[in-house]
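Work through these exercises with the model open. Try each task before you read its solution.

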Amino acid sequence: MKKVRVVIIDSGVNTAHKLCINDNIKGFSFQKGIIKQEFEDLYGHGTAIYNIIKQSIRNVEIINVKIMEKSEEECDIENLIEVLRYINENIEVDVINLSLGVSIIEEHNKLEECCMKLANKGVIIVSAFDNYGSMSYPAMFEDVIGVTTGKSCVKNDMFEYIESKVVNIAANGSVQKLAWVDPPFLAMGGNSFACAHVTCQVIKFIQQGRSGLKDVLQGFKNIAIKIYEIEDEKNKKQKEIEIKRAAIFPFNKEVQNILAFQELLTFSIDAIYDVKYSFKVGRKISEIIKHKELVNDFVIKDIESIEFGKIDTLILGHMEDLLTYINKDDFRNKVIEKALSNGVQIYSFDDITNVYSDNTIHSPIVGRDDAPPNLYGKLYKSSRPIVGVFGTSSKQGKFTLQLRLRKELQERGFEIGQIGTEPNALLFGMDYVYPMGYNSSAYINGFDAIRYLNSIIHRLCIQKKDIILIGSQSGTISYDNSNLTQYNLPQYEFLLGCQPDAVFLSINPYDDFEYIERTIRFIESSVEAKILAIVIFPLDINKGWQGFYGSKVEITTERYNDLKGDIEKRFKIPVYRSDRDQDIKKLVDRVEEYFE
């Protein structure tokens, strides 16, 4: 029988334990490149792992490497990288047991490279996932056997096999009797101990003649009590569209941000079109948008005069209201078909894929198929700062605020990762769109939505974006419980899936203070987020018999200053206006100060 050499990287061994006292225990401690012969366990975790392995397997040589003093949560990732490099260069080893790991990591590539080099030499690395249920490193690397606890695995030699590159094996991590330091024995469970049982089986496979990661995993598949065939998550971006010159139709609320922030677009605009029945044709867009910094002040043209030869893309805004108004159901289809016949692609805010499946038709859609596989419920922890924009109602300019923040952050040199919830998000170069607003095409909810959002946040993290910017829709909590439409479930899922660290809360001048307070408490208690500032949308109620349903007017300076003072006094949170450049700069100052 082949003698297998195993390295356990942990907290050392309690050599005075009655189960260890007669053993010729080998090992050393490794701290910041300094090697010491003393490797006494002060905690107990390493002693438990050592005894699981040595009592289960014969003809095995174990080398204990102490890198932790107290607990499995204190793993220094830089030290782990250095010790793996040392082992690769200096120790002939068959198996490495890592009943440890981290959920948040900056040196992702360095650690993965260490594991890959060892795997290329035929070393089998077995690593436990985080006990709280998150994705963790190095367990999730493709060159590592990632171990979690399987509910069906009630014995040490029972294993579940997962057909995945991320989570590979589930084993017995239930409460079990373990050798410890103080007390000498302890009843405890966790992925760490499941990992040790998997290491024991890996050693048996090697002694039976199996070699290499693929062969060893096949061995587990052969003996598994359950097999889960799970398609791995595809590291895909949303369908990309290349636009050089576009026209926009119709001119409505949803396309106004495109025109107000033309400098942030990745393409140029040729013309703006609408129907003659709208009474907008012939007017300048500045008469409607009232924006001071328009790059081009287009005159709105009649859609009947569109010049397809000048554009490669026709951007179609939401058209439900327009089609109802003009009472021509096939009007949109005629516009689309005419564009396609002239070789012009379509970017439609509304989902029109049920009618058109042409490759030149683009609609922002997120469905259940976009969610990553459910791997024992494991989620990623973010390693980059996440700033969110949430609100107390709809029509507060939250997306405009995100664009203003994006512009200011980019001008300060920050690399921004961004998830937009408006269908035009991709047109501004944002990384992902999650179209949960008006006429939503986010056909996903519940845990699927949370997993999807968590996965795209993770992709932005591993791209090492300086800041990740997100923004929700409508309100955050229920204003009333009289109707199902008052329940903001998509917004709650968005909050949980993105897990922002800091939030700007957008409010209306006429919002009830109790409602604002409930919103603040809800956000800060649902996730570990801090409300950095309250941002007032500068439109107030035009007082009259219509109340909330009446027209809105710009807030007066006196009213704003009084409101700002009252809010800051009550909530102890700074207040700004969303329409002032100097206030946007102050908001970004808050971000820099908070994350410095």
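**Exercise 1.** Find the residue of β26 that stands opposite A502, then describe how the two strands pair.

Solution. Start at A502. Opposite A502, in β26, stands K530. Now take the whole strands. This is a predicted model, and in it β25 and β26 pair in the parallel sense over 6 bridges. Next, follow the chain between them. Helix α13 (residues 513–526) joins β25 and β26 in a right-handed β-α-β unit.

**Exercise 2.** Work out whether the two faces of β25 are covered or open.

Solution. Recall the rule first. Side chains in a regular strand alternate between the two faces of the sheet. Check one side: A502, F504 and S506 are buried. Check the other: V503, L505 and I507 are buried too. Both faces are covered. Count up: 6 of the 6 residues of β25 are buried, so the rest of the structure largely encloses this strand.

**Exercise 3.** Place β25 in its sheet and name the edge strands.

Solution. Write down the order: β22-β21-β24-β20-β25-β26-β29. These 7 strands form an open sheet with parallel pairing. β22 (432–433) and β29 (575–577) each have a single partner strand, so one side of each lacks a neighbour in the sheet. Then look at the pairs. β20 (residues 386–391) pairs with β25 over 5 bridges, and G391 has S506 as its bridge partner. β26 pairs with β29 over 3 bridges, and I534 has V575 as its bridge partner.

**Exercise 4.** Which strands does helix α14 lie across?

Solution. Locate α14 at residues 557–571. The helix lies across β25, β26 and β29. Its angle to β29 is about 150 degrees.

Key
Residues numbered from 1 in each chain as written. Predicted model: local features only at pLDDT ≥ 70, side-chain atom pairs only at ≥ 80, totals over all residues. Heavy atoms only, no water. Pairing = 2+ DSSP bridges. Helix = DSSP H or I, 4+ residues; strand = E, 2+ residues; numbered from the N terminus. Contact = heavy atoms within 4.5 Å. Axes fitted to C-alpha atoms, helices over the stretch in contact; angles between N-to-C directions. Buried < 20%, exposed > 50% of the residue type's maximum accessible area, 1.4 Å probe, protein only. Right-handed = clockwise from strand over helix to strand, strands pointing away.
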